[in-house]
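Let's take a friendly walk through this structure, from the overall build down to single residues and charged pairs.

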Amino acid sequence: MTARPAATGRAGWWFVAPALALLAVFFVLPVLAGLALSVTDFDLYAVADPGATRLVGLRNYARLFADPAFRTAVRNTLYFAAVGGPLTVAASLGAALLVNARLVRWKAFWRTVFFTPFVTTLVAVAIVWRYLYHPRYGLVNYALGAVGVPPVDWLGDPRWAMPAIILLAVWKNFGYNMLIFVAGLQAIPAELYEAAALDGAAPWQRFRHVTLPGLAPTTLFVVVVTMIGYFQLFAEPFAMTQGGPLESTTSVVLLLYAEGFRFWRMGNAAAIAFVLFALVVTLALLQRVVQRSARQRSAA
Amino acid sequence: MLLGAALLAGGAAAVFPMVWMVAASFMRTGEASTYPPHLLPRAPTLEHYRALFTRLDVGRYALNSLLVAALVTGLSLFVNAAAGYAFAKLRFRGRDRLFRLLGTALVVPTQVAMLPLFLLLKALHLVNTYAGVVVPAVASIFCIFLVRQYALSIPDDLLDAARVDGASEWRVFRSVVLPALRPALATMSIWTFLATWNDFLWPLIVLTDDRRSTLPVALAGLLGEHAQDAELMMAGSVLTVLPVLAVFLALQRYYLEGVTAGSVK
């Protein structure tokens, strides 16, 4: 007891040192270097001879915001997150209510079934979906045809390519959020439901006045985490559409990848990375603010 | 019953793409591109799997993936367990501030570090090496949080008893802490293994030589040349997805623990 602070003081540092050293060298340092990179004209020539790099100030950022391709990528990414995020959350909540329903048997089995898409390799299932979306032979159009809907060129039509990718993303990710919702549902005290039932609340009223408010913090968390993940859209369009048709599925990260690793315009690409960073931080801060004000309201 | 119907419909939608993937992988060339579509192969064939393993050498890519995922998992187990335990149980100067800092770093998208990291690896001559994929992935803030959360529940008396018996801190960690952390370590290993196996963007960037590609990257490459050959691509997808599904189904109890642990902050 007496010797502990001093004795474990040194030891603690030894235990965290490997992880911290790795994080410092391979994460913190690159992030800071990225910030520096974003104000330079680092390009293919600089990869060979870093000395040739020049400072350009905020010119990369200025050029980005004037660049139609970048604005399209931001718009596409926001579209994907703003539509795909809520859809994913709605599907997850629906699935959570289903597998958590009192009357359902084999709960664990259904949870596993719904969760399975989440563990699959994205590139592989994106390739599968490419064929499901085939305009002539795809099963999606076949199923739609059975109910009288004319075939859609899902991945070849600029209007439909992003919705097609959103559908894949919802399918892939809802199971993960479902589990978080299930945990949230189980944390709502049973007495609240009993009290509501005693007051004569119908199932729908119990859902509105007990379940939904009880899930509010969970929902906020799920929405923000999902949106942050969706801002990083990359492998789906990479494997399904290469960003096309007509740039309709080019995301911020896809553009970042092309600028950085295909054209080696690293300065430009680093600026894109920090715009992405700003988007993510804005969302995370928004969550903090909402959560804090909600907590204050419930405390008052 | 309505509930049962909804479950069945949802479940079918969840597994259908995978079922079709497996079915199409056994179809003869061209059979997946017929109208009306076949759900089951007329005359099941292994020709695409044979082509993948002989002509297209996917066995090599699978081994690459296995090697990378196993190395990351093994190393991260140790590094993150030590750090997570220290943040939970050992007192050292600056601990709490450091831990808060790590929490803040969680919001930084990994893509922000990607470009300079590539240049750094290039300077270290690690581009196009397995080390270039493995080493940056070893330390994980998420895993440190997971272990810390679990390590908080180890009783201090247990650790002190070992110390009184004259065990060094290292010894305490190895003989008392690691066994006590076993469930958390299992969760973390499966989590890390699957995430590394499924990772796409970083291996795509670092492993520039095709022969070192991981399976997902190789699959995306195959798509470039064999996009018309739906059945072959399905067989390739099966080989990429099946191992993770098997690991997940066998060890899902541990895997799912990580999901909820990750959400409770």
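What follows is a short report on a predicted model.

## Chain A as a whole

A good place to start is the fold of chain A. Its secondary structure comes to 13 helices and zero strands, and reading along the sequence gives the pattern α-α-α-α-α-α-α-α-α-α-α-α-α.

As for dimensions, chain A has a radius of gyration of 24 Å, whereas a compact globule of 300 residues would be near 19 Å. Along the principal axes, the C-alpha atoms of chain A fill a box of roughly 80 × 75 × 35 Å.

Burial and contacts add to this picture. Of the 300 residues in chain A, 51% count as buried. If you take the contacts in chain A between residues at least 6 apart in sequence, 68% of them join residues at least 24 apart.

The surface and the charges can be summarised just as briefly. Chain A exposes about 14,600 Å², and carbon and sulfur atoms supply 67% of that area. Chain A carries 23 positive and 12 negative charges, and the mean positions of the two sets are 8 Å apart.

## The loop between α11 and α12 of chain A

Now let's zoom in on one loop. A:S248 lies between α11 (235–240) and α12 (252–262) of chain A. Is A:S248 buried or exposed? Its relative accessibility is 11%, so A:S248 counts as buried, the cut-off being under 20%.

Which residues does A:S248 touch, once its neighbours within four places in sequence are left aside? The contacts are A:N76, A:P158, A:A161, A:M162 and A:G243.

The loop between α11 and α12 of chain A is also the place of A:P245. The peptide bond that leads from A:G244 to A:P245 is cis, with omega near -15°. If you plan to inspect backbone torsions, this bond is one to look up in the model.

## Two residues with positive phi

Backbone torsions bring us to a pair of residues, one from each of chains A and B. Phi is near 55° for A:W106, a positive value in a residue other than glycine. A:W106 sits in the loop between α4 (68–100) and α5 (107–119) of chain A. With 63% relative accessibility, A:W106 counts as exposed, because the cut-off for that class is over 50%.

In chain B, B:H125 likewise has a positive phi, near 60°, and is a residue other than glycine. Where is B:H125 placed? B:H125 is in the loop between α5 (111–123) and α6 (130–138) of chain B. The relative accessible area of B:H125 is 68%, so B:H125 is exposed.

## Salt bridges

Finally, the charged pairs. Over all chains, the structure holds nine salt bridges. Three of them, with their N to O distances, are set out here.

| Positive partner | Negative partner | N to O distance |
|---|---|---|
| A:R54 | A:D41 | 2.9 Å |
| B:R28 | B:E47 | 3.7 Å |
| B:R163 | B:E169 | 2.5 Å |

In chain A, the salt bridge joins A:R54 and A:D41, with the closest N and O atoms 2.9 Å apart. This pair links distant parts of the chain, with the two positions 13 residues apart: A:R54 is in the loop between α2 (44–48) and α3 (59–66), and A:D41 is in the loop between α1 (4–37) and α2. A:R54 is exposed, at a relative accessible area of 57%, while A:D41 is partly exposed, at 23%.

In chain B, the side chains of B:R28 and B:E47 meet in a salt bridge at 3.7 Å, N to O. Here too the pair links distant parts of the chain, 19 residues apart: B:R28 is in the loop between α1 (2–25) and α2 (47–54), and B:E47 is in helix α2. Both partners are partly exposed, with relative accessibilities of 41% for B:R28 and 31% for B:E47.

The remaining pair in the table is B:R163 with B:E169, whose closest N and O atoms are 2.5 Å apart. Salt bridges that share partners join B:D160, B:R163 and B:E169 into one network. Are B:R163 and B:E169 buried or exposed? B:R163 is buried, with a relative accessible area of 16%, and B:E169 counts as buried at 13%.

How values were computed
Residues numbered from 1 in each chain as written. Chains lettered and ligands numbered in written order. Predicted model: local features only at pLDDT ≥ 70, side-chain atom pairs only at ≥ 80, totals over all residues. Heavy atoms only, no water. Helix = DSSP H or I, 4+ residues; strand = E, 2+ residues; numbered from the N terminus. Buried < 20%, exposed > 50% of the residue type's maximum accessible area, 1.4 Å probe, protein only. Contact = heavy atoms within 4.5 Å. Rg over C-alpha atoms; globule rule 2.2 N^0.38 Å. Areas by Shrake-Rupley, 256 points an atom, 1.4 Å probe, with all protein chains shown as cover. Lys, Arg positive; Asp, Glu negative; His and termini not counted. Charge placed at Lys NZ, Arg CZ, Asp CG, Glu CD. Salt bridge = Lys/Arg side-chain N within 4 Å of Asp/Glu carboxyl O.
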